[in-house]
Amino acid sequence: MEERTADEVAAIYAAAGDSVTLIGVAIDSDNETADEYKEKIKRNVEHLELIKAYKKLDGTTSIWGSESFTAIDKAITDGKAKY
C-alpha cells in the first residue's frame, strides 16, 4: 500500500463536503421515513468522523494538512442532534 496522493486527499475532502451538504438537508418525507432519514444522517456523520481520523501509513500522522474542518465539525454536531 502507498501513501495517498495529494489528488486522493483532495477527493476525500470533496466527498466530505457532500456529506456536510446532505446532513444539512431536511427530511424528504415524500421519499423516506423518519427512521430512514436518521439512518442516512448517522451514516454520513460516521463517514465524516472516519475521514477526519485518516492517518498516513505510519499510523500516527494525519493525512490532513491545511484543510478547514469547521463545516465538517459543525455537520457532525448538527447531524448527531438529528438522530
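Trainee: How many salt bridges does the count come to?

Mentor: This is a predicted model. A pair qualifies when a side-chain nitrogen of Lys or Arg is within 4 Å of a carboxyl oxygen of Asp or Glu. By this rule the count of salt bridges is 4.

Trainee: Which side chain does glutamate 32 meet in a salt bridge?

Mentor: The N to O distance for this pair is 3.2 Å. That is a salt bridge because the cut-off is 4 Å. The partner of glutamate 32 is lysine 40.

Trainee: Is glutamate 32 buried or exposed?

Mentor: Its relative accessible area is 14%. Buried means under 20%, so glutamate 32 is buried.

Trainee: How many residues apart are glutamate 49 and lysine 80, the pair that links distant parts of the chain?

Mentor: The side chains of glutamate 49 and lysine 80 form a salt bridge, 2.7 Å from N to O. Glutamate 49 belongs to helix α2, residues 34-52, whereas lysine 80 belongs to helix α3. Along the chain, the two are apart by 31 residues.

Trainee: What relative accessible area does lysine 80 have?

Mentor: Its salt-bridge partner, glutamate 49, is partly exposed at 31%. Lysine 80 is partly exposed as well, a class that runs between the 20% and 50% limits. The relative accessible area of lysine 80 is 41%.

Trainee: In which helix do lysine 74 and aspartate 78 both lie?

Mentor: Lysine 74 and aspartate 78 form a salt bridge, with the closest N and O atoms 2.6 Å apart. They are 4 residues apart, about one turn of the helix. Both lie in helix α3.

Trainee: Does lysine 74 count as buried or exposed?

Mentor: Aspartate 78, the other member of the pair, is partly exposed at 31%. Lysine 74 has a relative accessibility of 51%. Exposed means over 50%, so lysine 74 counts as exposed.

Trainee: What is α1 relative to α3, oblique or parallel?

Mentor: Helix α1 (residues 6-23) packs against helix α3 (residues 70-82) at about 40 degrees, the axes being 9 Å apart. Angles under 35 degrees would count as roughly parallel, and roughly perpendicular begins at 65. The angle therefore makes α1, relative to α3, oblique.

Trainee: How many residues of the contact of α1 with α3 are nonpolar?

Mentor: Helix α1 passes α3 in a left-handed crossing. From α1 the contact takes Tyr13, Ala16, Val20 and Ile23, and from α3 it takes Ala71, Ile72, Ala75, Gly79 and Lys82. Of these residues, 1 is polar and 1 is charged, and the number of nonpolar ones is 7.

Trainee: Is isoleucine 72 buried or exposed?

Mentor: Isoleucine 72 is found in helix α3. Not counting residues up to four places away in sequence, it touches Tyr13, Ala16, Val20, Leu48 and Lys52. Its relative accessible area is 4%, and since the limit for buried is under 20%, isoleucine 72 is buried.

Trainee: How far apart in space are isoleucine 72 and threonine 21, C-alpha to C-alpha?

Mentor: In sequence, isoleucine 72 and threonine 21 are 51 residues apart. In space, their C-alpha atoms are apart by 9.6 Å.

Trainee: What distance separates the C-alpha atoms of lysine 55 and aspartate 28?

Mentor: Lysine 55 lies in the loop between α2 and α3 and is partly exposed at 38%. Beyond four places in sequence, the residues touched by lysine 55 are Arg4, Thr60, Thr61, Ser62 and Ile63. Aspartate 28 is 27 residues away along the chain, and the C-alpha separation is 35 Å.

Technical notes. Residues are numbered from 1 along each chain as its sequence is written. This is a predicted model: local features need pLDDT of at least 70, side-chain atom pairs count only at pLDDT 80 or more; totals for chains, interfaces and linings use all residues. Side-chain values use heavy atoms; hydrogens and water are left out. Axes are lines fitted to C-alpha atoms, for helices over the stretch in contact, and angles run from 0 to 180 degrees between N-to-C directions. Angles under 35 degrees count as roughly parallel, over 145 as roughly antiparallel, 65 to 115 as roughly perpendicular and the rest as oblique. A crossing is left-handed if the near helix is turned anticlockwise from the far one by less than a right angle, and right-handed if clockwise. Contact means heavy atoms within 4.5 Å. Ala, Val, Leu, Ile, Met, Phe, Trp, Tyr, Cys and Pro count as nonpolar, Asp, Glu, Lys and Arg as charged, and the others, Gly among them, as polar. Buried means under 20% relative accessible area, exposed over 50%, partly exposed in between (1.4 Å probe, protein chains only).
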